Structures are given as structure tokens and as C-alpha cells.
Amino acid sequence: MNRLIALMLTAALALCAAGCTGGELTPPTGAFTVADMGIAVDGKVYSIRSDSAPLIAALGDDYEYSYSVSCVYDGDDKLYDYAGISVSTVPVDGKDIIEMITIDGAGYATLRGVGIGAALEDIVAAYGEDYFDDGYITYTYDNDPADYNAERIQFELDAQGVVTRIFIYSPSY
């Protein structure tokens, strides 16, 4: 049992090391997993629930900034709004942790390459048929529409079935 726990911790740390510190991009495949919960900028991966500072640095200084007192944490929730992408953070243990990435313009895509302008067929080709439609095309780990605490990627489609916005989201604990 201790060996299994050690193996699981090692795998989790390896994943965090790749995602949390701007690791090299290796697109995920297969079923939707924690490996999907991020974006790549200049070939480096930045994951949800990691320190936002490396991602903000990679995106640059051309953003609009806003904040509000956090309802859940001690400190301020922050929003960095760039052309085509927004990063929402929450304060955890002295760091601003990425809670949501919203893609709404060209130049950014999910780790599987789905971006603005894609069709439902493109989403299904990248992520598979295991999604639900709750007003968005939504992928979660358990594919349970009633599990509002599940991390998720959501694709907003217009009336023609074209992606207009993508949310990569991890609800606050």
C-alpha cells in the first residue's frame, strides 16, 4: 500500500513539475484528464491550479487588470485580461493560483489544439464523445452534469456550431 501511495505521489509531482513550471508541450491523448487542464504559450504548458506568475510573465504586460476581495480565500481574486485570453486567479498560500483560463480570440487553443472557430466535429475528434451539453460542450473527469465541483473544459458554440469561447476551469475548493 505504501508503495502504491509513493508511486501515485511521484506521478502527481511529475505532472505538476511539467505543468506548474512551464514544462514542454506534449499534447494529451485519450480520455479527458488532469493533463488537459491548461494551455501552452510558446511551447510551454501552464496548468490550472498552479502559480499564475509564470503564465502571466509568458503572456506579457499588455493586459487589463482587475481584482475583488475573495469570497473563498484570504486576499484578492484577480483577473488578467489580454487580447484573446483571460486568466482568473485566487489567492492560496501567498500565491495567485490559476482558477480559470478563458480563450476568446485567435492565437490560443486548448492543449489538444482546439481553438476559436473550431466546429463540434473538431472538439469530438480531439476529446471524444464522452461530453455533456449543459449549454456548453462540457468535458469533466467523471462526465457527471450534476458534479459542479469537477474541473472542466467548456466550449461555447454559436448558432452555426462554431466555437466562440473556451473555458478551462477548476472550481474553488
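## Exercises on a predicted fold

Eight strands make up an open sheet, with antiparallel pairing and the order β3-β4-β5-β6-β10-β9-β8-β7. At its edges lie β3 (64-69) and β7 (132-133), each of which pairs on one side only. The model is a predicted one, and the exercises below work from the whole chain towards single residues.

**Exercise 1. Describe the order of helices and strands along the chain, and say how many of each there are.**

Begin with the count, which gives three helices and 10 strands in the chain. Then follow the sequence, along which the elements succeed one another as α-β-β-α-β-β-β-β-α-β-β-β-β. To complete the overview, note that 40% of the 173 residues count as buried, and that the accessible surface comes to about 9400 Å², with 55% of it belonging to carbon and sulfur atoms. Finally, of the contacts between residues at least 6 apart in sequence, 43% join residues at least 24 apart.

**Exercise 2. Trace the pairing from β6 through β10 and β9 to β8, and find which residues stand opposite one another.**

Start at strand β6 (residues 95-103), which is joined to strand β10 (residues 163-169) by four bridges in an antiparallel arrangement; here M100 stands opposite Y169. Next, move from β10 to β9, where six bridges join the two antiparallel strands, and where R152 stands opposite Y169. Y169 of β10 is thus opposite M100 and also opposite R152. The last step leads from β9 to strand β8 (residues 137-140), again antiparallel and joined by four bridges, with T138 opposite Q154 of β9. The hairpin of β9 and β10 has five residues between its strands, and in it G161 takes a positive phi near 80°.

**Exercise 3. Decide whether strand β9 and residue T110 are enclosed or open to the surroundings.**

For the strand, apply the cut-off for burial, which is under 20% relative accessible area. Five of the six residues of β9 (residues 152-157) are buried, so this strand is largely enclosed by the rest of the structure. For T110, first locate the residue in the loop between β6 and α3 (120-127). Its relative accessibility is 5%, and T110 therefore counts as buried. The surroundings can then be listed: leaving out residues up to four places away in sequence, T110 touches I103, Y127, F155 and I166.

**Exercise 4. Identify the residues with the most contacts inside the largest nonpolar core, and examine the surroundings of I168.**

The largest nonpolar core holds 28 residues, and those with the most contacts inside it are L55, I101, F155 and I168. Taking I168 and setting aside neighbours within four places in sequence, one finds contacts with residues including M37, I39, I48, I101, I103 and I153, and also with E99 and R152. As background, nonpolar side chains tend to be buried together in soluble globular proteins.

**Exercise 5. Examine the backbone of D42 and D93, and determine whether each residue is buried or exposed.**

Recall that most residues other than glycine have a negative phi. D42, although not a glycine, has a positive phi of about 50°, and its place is in the loop between β1 (38-41) and β2 (44-47). With a relative accessible area of 73%, D42 is exposed. D93 likewise has a positive phi, near 50°, and lies in the loop between β5 (85-92) and β6. Its relative accessibility is 79%, so D93 counts as exposed.

Notes
Residues numbered from 1 in each chain as written. Predicted model: local features only at pLDDT ≥ 70, side-chain atom pairs only at ≥ 80, totals over all residues. Heavy atoms only, no water. Core = buried A, V, L, I, M, F, W, Y, C linked by side-chain atoms within 4.5 Å. Buried < 20%, exposed > 50% of the residue type's maximum accessible area, 1.4 Å probe, protein only. Contact = heavy atoms within 4.5 Å. Pairing = 2+ DSSP bridges. Areas by Shrake-Rupley, 256 points an atom, 1.4 Å probe, with all protein chains shown as cover.
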